[in-house]
Every structure is written in C-alpha cells, then in structure tokens.
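Welcome! Let's take a friendly walk through this fold, from its overall dimensions down to a few backbone details. Have the structure open as you read.

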Amino acid sequence: MSGLTQQRGAEHAAILGVGAYRASRVVPNADIVEAIDSSDEWIQQRSGIKERRFAEPHETITMMSVEASREALDAAGLTAKDIDCVIVATVSHLLQTPAAATAVAYELGTDRAAAFDISAACAGFSHGIAMAADLVRGGSSRHVLVIGVERLSDITDMRDRGSAFIFADGAGAAVVGPSDVPGIGPVVWGSDGEQFDLIRQREDWRDVVGSPEKPGSGVMPHLVMQGNPVFRWASFTMAKVAIEALDRAGITVDDLDVFVPHQANMRIIDAMARSMKLPPDVVIARDIAEQGNSSAASIPLALHRLIDEGQAKSGDTALLIAFGAGLAYAAQVVTVP
Ligand code: UT7
C-alpha cells in the first residue's frame with residue numbers, strides 16, 4: 001500500500017468578515033448594586049464597567065449566534081452555503097448535548113456543515129480562530145464560522161459580590177477562509193490547570209440533582225470567581241503571552257494598529273498596555289465599559305465595535321488576547337478584514 005491520499009488547503013488563512021449581536025437589555029450598575037451591597041462608583045473604579053447587556057428570553061444562544069453570523073457572512077461577501085464548518089465557543093449553552101453549533105449551522109442554512117462547540121471560557125474565541133486557520137490551511141475546511149456567544153446572566157448569581165457586576169451576554173462571529181497573504185498569525189496558547197478552581201461552575205450537576213444518599217441543592221450551579229488572584233495572574237502573565245504572539249508573527253508593538261484584549265476588566269487592559277509599552281497611537285478596545293464581560297463573545301464584540309466606529313480599518317494589524325477559566329489563554333495577531 002502506498003499510503004493514504006493527503007489533503008492540502010489554502011496557503012494562507014484570514015478573517016474575511018466579522019459580525020456581532022448585542023443582547024438588548026441595558027443594565028446599569030444602579031440596577032444591581034443593592035443585592036451585592038456595592039456602588040456604581042466601586043464597580044466603575046475596580047472594573048471600568050458602567051453598564052452591561054443582558055439577554056431577553058427570546059435572545060437565545062442560537063438566535064444571537066445566527067444574527068452575529070449573518071452579519072459576518074455579509075461582511076465576507078459569502079452565504080451560509082459557503083460555510084463548511086461551524087465552531088461555537090461558549091460556556092453558557094445549558095443543554096449539555098447536542099452542541100449549540102449544530103442548531104446554529106442548521107438555522108443559518110449551511111449545507112450540513114461540520115459543527116461543534118469548544119469550551120475554553122473567555123479564551124474560546126481565540127482558540128476557535130486558531131483552529132479555523134489550521135483547518136483552512138490543512139484542507140479540512142474552506143470557510144469556517146467561528147462564534148463566541150454567551151448568556152452569562154443565566155448562570156450568574158446576582159447576589160454574589162465577586163461576580164454579579166462583571167458578566168454579560170452577547171455574540172460575535174468571524175468567517176475564516178483562504179487568503180493570498182497571511183492574515184492570522186501563529187497562536188500562542190496554553191493553560192494553567194493548577195489554578196483550575198479560580199473561575200468555575202460552583203458545583204457539579206450531580207450535586208444539584210442529588211442522590212438517594214445525599215439530597216441535591218436544586219440551585220442553578222452559578223459561575224463563581226476568585227477575582228483578585230485572576231486579576232493578578234492576568235495583569236502580570238498575559239502581557240508576556242501577548243508579546244510572544246507578536247514575536248511569533250514576526251512583528252513588534254510598533255507594527256501594531258489595534259489591541260483587542262479580552263474585556264475582563266479595564267484595569268487589566270491598562271496594565272497590559274503599560275507592561276507591553278504599547279505606543280500611544282495603538283487603538284485599544286474598551287468595550288467593557290458598556291458591554292461588561294461577555295466571556296467568549298467579548299473579543300469579537302470589541303473588534304466589531306472598533307470596525308463599526310472606524311477605529312479599526314481594513315488591513316490594520318490587530319493583536320487578540322483571550323484568557324479566563326481553566327486558566328486557559330490564547331493570543332494571535334490578525335489582519336482586520
Ligand atoms: O473573564 C474571565 C477572567 N476574569 C477576570 O479577569 C476578572 C479578574 N478580576 C477582577 O476583575 C477583579 O478582581 C474584580 C473587579 C472582580 C475585583 O476587584 P479587586 O480589585 O480584585 O477587588 P478585591 O476582590 O480585592 O476586593 C477589594 C475590596 C475588599 O474589601 P477590603 O477587604 O479591601 O475591605 C472587598 O471586600 O472590595 C470589597 N469588595 C466589594 N466592594 C463593593 C469586593 N466586591 C465588592 C463589591 N462591591 N462588589
């Protein structure tokens with residue numbers, strides 16, 4: 001036997017279009033402070049968040065994903081039939097199986113595209129972009145839709161002081177496809193499972209349901225976070241990962257036009273920018289002030305806003321860096337579509 005036929009894909013991959021869907025309910029700090037004995041001033045000072053977006057009941061994971069994807073497809077000049085793989089990054093699709101991506105692929109009208117979810121929390125979108133670039137270059141897919149989507153309001157304990165003011169809902173999508181020139185740089189990614197417990201679902205579903213020996217809690221297993229250690233980890237470690245992503249792409253901060261970090265906390269964004277010595281003309285995404293932290297959706301939402309407002313232009317060089325529960329992280333340089 002002479003071996004199996006191998007496939008080869010495009011020479012290069014790039015993001016061809018970006019779309020977004022912001023959940024419709026605007027929730028200012030004033031609406032949540034009483035339950036957590038906090039204040040608008042404290043939340044703004046510590047996190048930079050003024051208000052966040054929460055989804056209404058009809059704004060499901062599927063609905064928000066489809067809306068964001070339609071816009072991304074339009075921006076790429078493609079239709080759903082061109083998509084042969086759908087990757088959904090989320091931690092708040094509450095149906096354990098099947099994958100949200102299968103419903104999204106169907107609702108969009110793809111021709112039975114491959115569809116699966118990935119769980120890398122706030123780092124999910126950057127994981128998806130890395131995988132999509134490799135799928136396109138490896139020949140498994142021609143056009144991949146990468147979606148970051150969350151309804152974190154479903155799994156947030158609005159009486160938990162450490163997290164109630166942070167989380168939010170929304171969806172962002174990007175179409176990744178073949179390109180004449182490199183549009184997605186090498187990913188720098190990893191995890192630190194020693195800190196597995198810092199951001200997590202409070203309890204296992206089996207503890208919620210219970211057993212004959214031990215009654216269940218019957219309470220939604222909310223997402224909880226030990227904010228300060230995560231804050232310190234992100235502020236000190238992630239700038240190094242970001243610089244490594246620039247190195248791997250063969251550029252420096254001086255070549256950068258746009259910086260789109262995960263929208264976790266305005267102070268982390270500022271600390272990273274300082275530590276990386278970003279030149280003052282680099283545009284920095286600060287979507288968190290009005291959107292809150294929408295985990296896997298935060299980077300595509302922030303990038304979409306910069307494109308929409310004309311702050312990021314087609315052909316600009318942007319650095320994406322995502323980090324969160326796990327602790328998992330991923331960073332790459334991309335060309336703005
Ligand atoms: O998206 C995934 C990744 N997530 C992140 O990257 C989030 C990272 N963490 C953070 O953003 C920050 O840790 C928070 C914004 C969550 C909290 O800010 P912090 O500066 O780390 O505050 P802290 O937890 O150290 O608390 C400082 C003080 C404490 O009081 P004392 O001990 O100094 O008297 C807390 O009891 O603030 C108090 N505090 C609050 N006060 C008013 C804690 N939570 C609140 C609150 N309102 N909600």
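How many helices and strands are there in the protein chain? This predicted model has 9 helices and 14 strands.

**Overall picture**

The radius of gyration of the protein chain is 19 Å, which agrees with the value near 20 Å for a compact globule of 337 residues. Along the principal axes, its C-alpha atoms fill a box of roughly 60 × 55 × 40 Å. Of the 337 residues, 54% count as buried. Contacts reach far along the sequence: among those with a separation of 6 or more, 78% are between residues 24 or more positions apart.

On the outside, about 15,000 Å² is exposed, and carbon and sulfur atoms supply 50% of that area. The chain carries 28 positive and 43 negative charges, and the mean positions of these two sets are 3 Å apart.

**Two helices to look at**

Start with helix α3, residues 100–108, where A100, A101, V104, A105 and L108 are buried. Seen down the axis of α3, these buried residues fall within an arc of 130°, so they line one face of the helix. An α-helix has 3.6 residues a turn, so residues three or four places apart point the same way. The buried residues of α3 pack against α2 (61–76) and against three strands, β4 (85–89), β5 (114–118) and β6 (144–151). After α3 comes G109, with a positive phi near 95°.

Helix α9, residues 298–308, is largely enclosed by the rest of the structure, because 8 of its 11 residues are buried. Among them are I299, L301, L303 and L306, along with H304. Just after α9, G310 has a positive phi of about 80°.

**Backbone details worth a check**

Most residues other than glycine have a negative phi, and most peptide bonds are trans. Here are the exceptions to browse:

| Site | Backbone feature | Angle |
|---|---|---|
| T97 and P98 | cis peptide bond | omega about 0° |
| G326 and L327 | cis peptide bond | omega about -10° |
| D37 | positive phi, not a glycine | phi about 50° |
| S295 | positive phi, not a glycine | phi near 50° |

Where do these sit? P98 is in the loop between β4 and α3, while L327 lies in the loop between β13 (317–324) and β14 (328–335). D37 is found in the loop between β2 (25–28) and α1 (40–47), and S295 lies in the loop between α8 (288–291) and α9.

Is each of the positive-phi residues buried or exposed? D37 is exposed, with a relative accessible area of 61%, whereas S295 counts as buried at 3% relative accessibility.

Technical notes:
Residues are numbered from 1 along each chain as its sequence is written. This is a predicted model: local features need pLDDT of at least 70, side-chain atom pairs count only at pLDDT 80 or more; totals for chains, interfaces and linings use all residues. Side-chain values use heavy atoms; hydrogens and water are left out. Helices (H or I, at least four residues) and strands (E, at least two) are DSSP runs, numbered from the N terminus. The radius of gyration is taken over C-alpha atoms; the globule rule is 2.2 Å times the number of residues to the power 0.38. Buried means under 20% relative accessible area, exposed over 50%, partly exposed in between (1.4 Å probe, protein chains only). Contact means heavy atoms within 4.5 Å. Accessible areas come from the Shrake-Rupley method with a 1.4 Å probe; for residues, only the protein chains shown count as cover. Lys and Arg count as positive and Asp and Glu as negative; His and the chain ends are not counted. The place of a charge is taken as NZ of Lys, CZ of Arg, CG of Asp or CD of Glu. The arc is that of the directions from the helix axis to the C-beta atoms.
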